[in-house]
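This report describes a protein chain for a reader who is new to structural analysis. Please keep the sequence and the structure in view while reading.

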Amino acid sequence: MSNLGYLASQPDTAAIVAIGSAVRAAYHSRSDVDFLVITDGEAAPDRSRPIDVDLRMFRRCEIDQKIREGDDLLGWAIRFGRAVFDRDQFWASLRSQWARQLPFPSPEVSVARALRFERVARELVAMRDFEAALEQVAGMLTHRARASLLRARVYPASRPELPSSYAK
């Protein structure tokens, strides 16, 4: 993707990390491709990227604090992500630093997200948009499962991998 090449060419970009089921065994035909971009600058991703590509931008100076606070996306990326660009081994060093002390995300955050998904699903059912409501129900169930796993001190993987997380 030309946008990733552009971001990698910027001197402010420290790392680009592929995350999500597309970079692991859980890949399936509906997997989207997600990337985490860590930068010192104000790089704005190209809005012309394909809809199934998600770029999440983080400022380098905020990374350690966000991980310490249990940011679930950053924690997930540290645990499961794959660097596709790593200037001066920034990502490798970050992973090494946090590997044995990575905080668990808050189960309460997942519960709150589940409640929001449920509220929207109910609104969509009232509007008789059942297909959209089903997507919200999937999100609600995903976050309920994540909360349950986090309470059991199991680090949840992506949605397609949640059933196998319970088997551990």
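## Histidine 143 and its surroundings

With a relative accessible area of 13%, histidine 143 is buried. The model examined here is a predicted one. Histidine 143 belongs to helix α6. Leaving out residues up to four places away in sequence, histidine 143 touches Ser110, Arg113, Ala114 and Phe117.

Which residue has its C-alpha atom 6.4 Å from that of histidine 143, although the two are 32 residues apart along the chain? The residue is valine 111, which lies in helix α5. Valine 111 has a relative accessible area of 30% and is therefore partly exposed, since the buried class ends at 20%. Apart from neighbours within four places in sequence, the contacts of valine 111 are Ala147 and Arg151.

## The chain as a whole

The chain contains seven helices and four strands. Read from the N terminus, these elements follow the order α-β-β-β-α-α-β-α-α-α-α.

Of the 168 residues of the chain, 42% count as buried. Among contacts with a separation of 6 or more, 56% join residues that are 24 or more positions apart.

## Helix α5 and its two faces

Helix α5 comprises residues 107-126, which makes 20 residues. At 1.5 Å a residue it should span 28 Å, and the distance of 29 Å between its end C-alpha atoms agrees with this. Which residues of α5 are buried? They are Pro107, Ser110, Ala114, Glu118, Ala121 and Leu124. These residues lie on the same side of α5, because they cover an arc of only 125 degrees around the axis. As a general rule, an α-helix has 3.6 residues a turn, so residues three or four places apart point the same way.

The face of α5 turned away from the buried side carries the exposed residues Glu108, Leu115 and Ala126. The cover over the buried residues of α5 includes α6, residues 130-151. After α5 comes arginine 128, which has a positive phi, near 65 degrees.

## Leucine 124 and glutamine 136

Leucine 124 is located in helix α5, whereas glutamine 136 is part of helix α6. Both are buried: leucine 124 has a relative accessibility of 14%, and glutamine 136 has one of 19%. The value for glutamine 136 falls in the buried class because that class covers values under 20%.

The two residues are twelve places apart in sequence, and their C-alpha atoms are 8.8 Å apart in space. Setting aside residues up to four places away in sequence, leucine 124 touches Asp129, Ala132, Ala133 and Gln136. Under the corresponding condition, glutamine 136 is in contact with Phe117, Val120, Ala121 and Leu124.

## Nonpolar cores

In soluble globular proteins, nonpolar side chains tend to be buried together. The largest nonpolar core of this chain has 21 residues. Those with the most contacts inside it are Leu36, Ile38, Ile63, Ile67, Ile78, Trp91 and Leu94. At least two residues of this core come from each of β1 (13-19), β2 (33-39), α2 (63-68), α3 and α4 (90-98). Which element gives the most to the core? Helix α3 does, with six residues.

Another core lies apart from this one and has eight residues, among them Leu4, Ala18, Phe35 and Leu55. Isoleucine 38, which is listed above for the largest core, touches Asp12, Thr13, Ala14, Ala15, Phe58, Arg60, Ile63, Phe90 and Trp91, not counting residues up to four places away in sequence.

## Aromatic rings

How many aromatic pairs are counted? The count comes to one aromatic pair. The ring centres of tryptophan 76 and phenylalanine 80 are 4.9 Å apart and the ring planes meet at 55 degrees, so the pair is tilted. An angle under 30 degrees would count as stacked, and one over 60 as edge-to-face. Both residues lie in helix α3 (residues 72-80), four residues apart, which is about one turn of the helix. Tryptophan 76 and phenylalanine 80 are both buried.

A further ring is that of phenylalanine 104, over which the charged end of arginine 153 sits. The charged end is 3.9 Å from the centre of the ring.

Technical notes. Residues are numbered from 1 along each chain as its sequence is written. This is a predicted model: local features need pLDDT of at least 70, side-chain atom pairs count only at pLDDT 80 or more; totals for chains, interfaces and linings use all residues. Side-chain values use heavy atoms; hydrogens and water are left out. Rings of Phe, Tyr and Trp (its six-membered ring) pair if their centres lie within 6.5 Å; planes under 30 degrees apart count as stacked, over 60 as edge-to-face and the rest as tilted. Buried means under 20% relative accessible area, exposed over 50%, partly exposed in between (1.4 Å probe, protein chains only). A charge sits over a ring if NZ of Lys or CZ of Arg is within 6 Å of the ring centre and within 35 degrees of the ring normal. A nonpolar core is a set of buried Ala, Val, Leu, Ile, Met, Phe, Trp, Tyr and Cys residues joined through side-chain atoms within 4.5 Å. Contact means heavy atoms within 4.5 Å. The expected span of a helix is 1.5 Å times one less than its number of residues. The arc is that of the directions from the helix axis to the C-beta atoms.
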